[in-house]
Amino acid sequence: MKNFLFWVWTIIWNPIMNLIGAITALVFICMGYKPKRYYHGIYFLKPGNWGGISLGNFFFVCVETKDYIEHEYGHVLESVTLGPIMPILSLMSLIRCWYYNNHETTWKYDDWWFEGCATYLGAINEVKAQRKR
């Protein structure tokens, strides 16, 4: 029931990113990629050296490591809270990520609040889940 309510809330609160994520997920499925569940989110693994991206309740990663998956799931959780402003933050995140990977910088990846918040939310979610086990 919690999963159902999570999806209903996020689709109503953040329809733009969930629509883009659902379309992207369909394209990935048509290309032969298999969806995987991570708590309330659905993710796809597309190997390469491109990082990851979260689109509503869907996220896409290049490697299946704990850090990548937790961070992108953290963006899913941000989406639940920030809803309509997530498209703006996602665009800022994309630009910042491109700049970070293509230029020498003095700041860390998580120095921007929405990146640090995503890392924190993904990690704290995992800690809570482990306590329940």
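How many residues of S2 are buried? Select strand S2, residues 41-45, and keep that question in mind. Four of its five residues are buried, which leaves the strand mostly covered. What you have open is a predicted model, and this tour walks through it one selection at a time.

**Stop 1: the sheet**

Widen your selection to the strands around S2. There are four strands in an open sheet, and their order is S1-S2-S4-S3, with mixed pairing. Look at the edges, where you will find strand S1 (36-38) and strand S3 (52-55). Each of these has a single partner strand, so one of its sides is left without a neighbour in the sheet. Turn the view and follow the twist, which averages 25 degrees from one strand to the next.

**Stop 2: the two partners of S2**

Start with S1 and S2, which run antiparallel and are joined by three bridges. Tyrosine 38 is a good landmark here, since it stands opposite glycine 41 in S2. The two strands form a hairpin with two residues between them. In that turn, click on tyrosine 39: its phi is positive, at about 50 degrees.

Now move to the pairing of S2 with S4. Here the sense is parallel, and there are four bridges. Select tyrosine 43, and opposite it you will see phenylalanine 59 in S4.

**Stop 3: the helix on the sheet**

Next, select helix H2, residues 15-30. H2 packs on the sheet and touches S2, S3 and strand S4 (58-61). Compare directions: that of H2 makes about 50 degrees with that of S4.

Follow the chain into the loop between H2 and S1, where lysine 34 lies. Is lysine 34 buried or exposed? Its relative accessible area is 62%, over the 50% cut-off, so lysine 34 counts as exposed. Setting aside residues up to four places away in sequence, lysine 34 touches Tyr43 and Phe44. You can also draw a C-alpha to C-alpha distance from lysine 34 to lysine 46: it is 9.7 Å, and the two are 12 residues apart in sequence.

**Stop 4: rings that meet**

Show the aromatic side chains. Across the whole structure, a search finds 14 aromatic pairs. One of the pairs to pick out is tryptophan 7 with phenylalanine 58, an edge-to-face pair with 5.5 Å from centre to centre and 75 degrees between the planes. Tryptophan 7 belongs to helix H1 and phenylalanine 58 to strand S4, so this pair ties together parts that are 51 residues apart in sequence. Both residues are buried: tryptophan 7 has a relative accessible area of 17%, and phenylalanine 58 has 10%.

Go back to the hairpin for another pair. The ring centres of tyrosine 38 and tyrosine 39 are 4.7 Å apart with planes at 80 degrees, so this pair is edge-to-face. Tyrosine 38 counts as buried at 15% relative accessibility, whereas tyrosine 39, at 28%, counts as partly exposed. Then select Tyr38, Tyr39, Tyr43, Phe59 and Tyr73 together: ring pairs link them into a cluster.

**Stop 5: two helices crossing**

Finish with helix H1 (residues 2-13) and helix H3 (residues 66-82). Their axes are 9 Å apart, and the helices pack at an angle of about 65 degrees. The crossing is left-handed. To see the contact, show Phe6, Trp9, Thr10 and Trp13 in H1, then Val76, Leu77, Ser79, Val80, Thr81 and Leu82 in H3. Of the residues in this contact, seven are nonpolar, three are polar and none is charged.

Key
Residues numbered from 1 in each chain as written. Predicted model: local features only at pLDDT ≥ 70, side-chain atom pairs only at ≥ 80, totals over all residues. Heavy atoms only, no water. Axes fitted to C-alpha atoms, helices over the stretch in contact; angles between N-to-C directions. Left-handed = near helix turned anticlockwise from the far one by under 90°. Contact = heavy atoms within 4.5 Å. Nonpolar A, V, L, I, M, F, W, Y, C, P; charged D, E, K, R; others polar. Pairing = 2+ DSSP bridges. Buried < 20%, exposed > 50% of the residue type's maximum accessible area, 1.4 Å probe, protein only. Phe/Tyr/Trp six-rings, centres within 6.5 Å; stacked < 30°, edge-to-face > 60°.
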